[in-house]
Amino acid sequence: DMNLNELKIGEPARRALKTRNIETLEQCSMFTKNELLELHGVGPKAVRIIEEELIKQNLSYKKRL
């Protein structure tokens, strides 16, 4: 599974994800896009970069129920 350190996301986003123990793309796929955006430091650009990589790996953000 791809580690988020390999993605070109900003340090604030990386730290915010790490504080929630989210360090891989697979772990990102367990959250909705909005859940990640609610984390202080994670913005639209980071979410877009993560989403692009999720798609390449045949993954996606969790869908809202």
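This report walks through a predicted model of a single chain, from its overall build down to a few individual residues.

## Overall build

Let's start with the fold as a whole. The chain has four helices and zero strands, so its pattern along the sequence reads simply α-α-α-α.

How does the radius of gyration sit with what a compact globule would have? For 65 residues, the expected value is near 11 Å, and the chain comes in at 10 Å, which agrees. Put a box around the C-alpha atoms along the principal axes and you get roughly 25 × 25 × 20 Å.

## Inside, outside and charge

Of the 65 residues, 38% count as buried. The accessible surface of the chain adds up to about 4,500 Å², and carbon and sulfur atoms account for 49% of that.

On the contact side, take the pairs that are at least 6 apart in sequence: 53% of those contacts join residues at least 24 apart. As for charge, the chain carries 12 positive and 10 negative charges, and the mean positions of the two sets are 5 Å apart.

## Helix α1 and its buried side

Helix α1 covers residues 11-19, and its buried residues are A13, R14, A16 and L17. Why do these four share a side of the helix? They span an arc of only 165° around the axis, so they end up on the same side of α1. Those buried residues pack against α3 (33-37) and α4.

Right after α1 comes N21, which has a positive phi. The value is near 60°, and this is a residue other than glycine. N21 belongs to the loop between α1 and α2, and it counts as exposed because its relative accessibility is 56%, with the cut-off for exposed set at over 50%.

## The loops: T24 and L39

T24 shares the loop between α1 and α2, with α2 itself running over 25-28. Is T24 buried or exposed? T24 counts as buried, because its relative accessibility is 18% and the cut-off for buried is under 20%. Leaving out residues up to four places away in sequence, T24 touches D1, M2, N3 and L4.

L39 sits in another loop, the one between α3 and α4. With a relative accessible area of 13%, L39 is buried too. Which residues does L39 touch, once those up to four places away in sequence are set aside? They are A16, L17 and R20. Two of these, A16 and L17, are also on the list of buried residues in α1.

L39 also makes a handy reference point for distances. L39 and K56 are 17 residues apart in sequence, and their C-alpha atoms lie 24 Å apart. For L39 and E52, the separation is 13 residues in sequence and 19 Å in space, again C-alpha to C-alpha.

## Three glutamates

E53 is part of helix α4, which spans residues 44-56. For a charged side chain you may want to look at the number here: the relative accessible area of E53 is 12%, so E53 is buried. Where does E53 make its contacts? Apart from neighbours within four places in sequence, E53 is in contact with M2, L7 and L25. M2 shows up in the contacts of T24 as well.

E52 is found in α4 too. E52 is partly exposed, with a relative accessible area of 43%.

E6 comes from the segment before α1. Its relative accessibility is 54%, so E6 counts as exposed. E6 and G41 are 35 residues apart along the chain, and 18 Å separates their C-alpha atoms.

## After α4

The last stop is N58, in the segment after α4. What is special about the phi of N58? Phi is near 60°, a positive value in a residue other than glycine. N58 is exposed, with a relative accessible area of 74%.

Technical notes
Residues numbered from 1 in each chain as written. Predicted model: local features only at pLDDT ≥ 70, side-chain atom pairs only at ≥ 80, totals over all residues. Heavy atoms only, no water. Helix = DSSP H or I, 4+ residues; strand = E, 2+ residues; numbered from the N terminus. Rg over C-alpha atoms; globule rule 2.2 N^0.38 Å. Buried < 20%, exposed > 50% of the residue type's maximum accessible area, 1.4 Å probe, protein only. Contact = heavy atoms within 4.5 Å. Areas by Shrake-Rupley, 256 points an atom, 1.4 Å probe, with all protein chains shown as cover. Lys, Arg positive; Asp, Glu negative; His and termini not counted. Charge placed at Lys NZ, Arg CZ, Asp CG, Glu CD. Arc of directions from axis to C-beta.
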